[in-house]
Amino acid sequence: MLLPNNLLQAIEQAYTAMLNHPQHDLNLGYRHSIWVALGARINPSSMKNNDGLKKRTTLAILSTQHILSLWESIYPENALPHQILKEAEKVLVKEIDSTTAWNHRNKFWNQIVDLGNEDEQSQIILGVALSAVQALTTALQDENFDPLNINYNLTDADIDPDDMDASFFAASVYANGAVWNLESSPLLRREFWEWWLKQAVPLSWNSISGASI
């Protein structure tokens, strides 16, 4: 299905900015522009007109799914991120109420913290589970952005760690560290963001039946 012109423009601007970034990072501000182009934010009081929410949640879920194999290589017996993503999908189709899902989300977060305390050598790979829990958070409350005030210079270092989104954690795992980690790989980071912009974003747009321009 064809993508709307504003989304195509946002993708191309973001892609150019990512290529030109010294570490091939995609500034949070450009991700905001993508989220805006995917549709209006939810009405918290009614949860109506939530196609944009569904597309952004789908994008977050796809981000986590892209790195699940890295988790499985370290924790083959631990399906925590898989469980979290299933919860996010249940929220989208209203198979679970938001109060219950929030309670589960907080329990998942505590499980991740406990796992990190037990295995301090695998801090980077824990980003897979953090990506999943932020995908669930997106399903519950949407992404945090102001459609009328996009700052393209805004980076992930400028926000509270609790507010970092699923794609940030996924990119960090894929690149073997966040952009401020000197041991991380700019080339792998570029590979992730290229996939995210060129494949995941279009898939998220087309995930809603009847999406049109």
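**Helix 8 and the aromatic neighbourhood**

In helix 8, the buried residues (under 20% relative accessible area with a 1.4 Å probe, protein chains only; exposed is over 50%, partly exposed in between) are A166, S167, F168, F169, A170, A171, S172, V173 and Y174. Keep in mind that this is a predicted model: local features need pLDDT of at least 70, side-chain atom pairs count only at pLDDT 80 or more, and totals for chains, interfaces and linings use all residues. Residues are numbered from 1 along each chain as its sequence is written, and side-chain values use heavy atoms, with hydrogens and water left out.

**Around helix 8**
- Helix 8 (residues 166-174) has 9 of its 9 residues buried, so it is largely enclosed by the rest of the structure; helices here are DSSP runs of H or I, at least four residues, numbered from the N terminus.
- The cover over its buried residues includes helix 2 (28-37), helix 3 (51-65), helix 4 (68-74), helix 7 (126-141) and helix 9 (186-205), with contact meaning heavy atoms within 4.5 Å.
- Right after helix 8 comes N176, with a positive phi near 60°.

**Aromatic rings**
- Searching the whole structure turns up 9 aromatic pairs (rings of Phe, Tyr and Trp, the last by its six-membered ring, with centres within 6.5 Å; planes under 30 degrees apart are stacked, over 60 edge-to-face, the rest tilted).
- F192 and W193 make an edge-to-face pair, because their ring centres are 5.1 Å apart and their planes sit at 80°.
- F192 and W193 are both buried.
- One aromatic cluster is formed by Y174, F192, W193, W195 and W196.

**Charges over rings**
- R41 has its charged end over the ring of F145, 5.3 Å from the centre (NZ of Lys or CZ of Arg within 6 Å of the ring centre and within 35 degrees of the ring normal).
- K198 puts its charged end over the ring of Y15, 4.4 Å from the centre.

How values were computed: Helix = DSSP H or I, 4+ residues; strand = E, 2+ residues; numbered from the N terminus.
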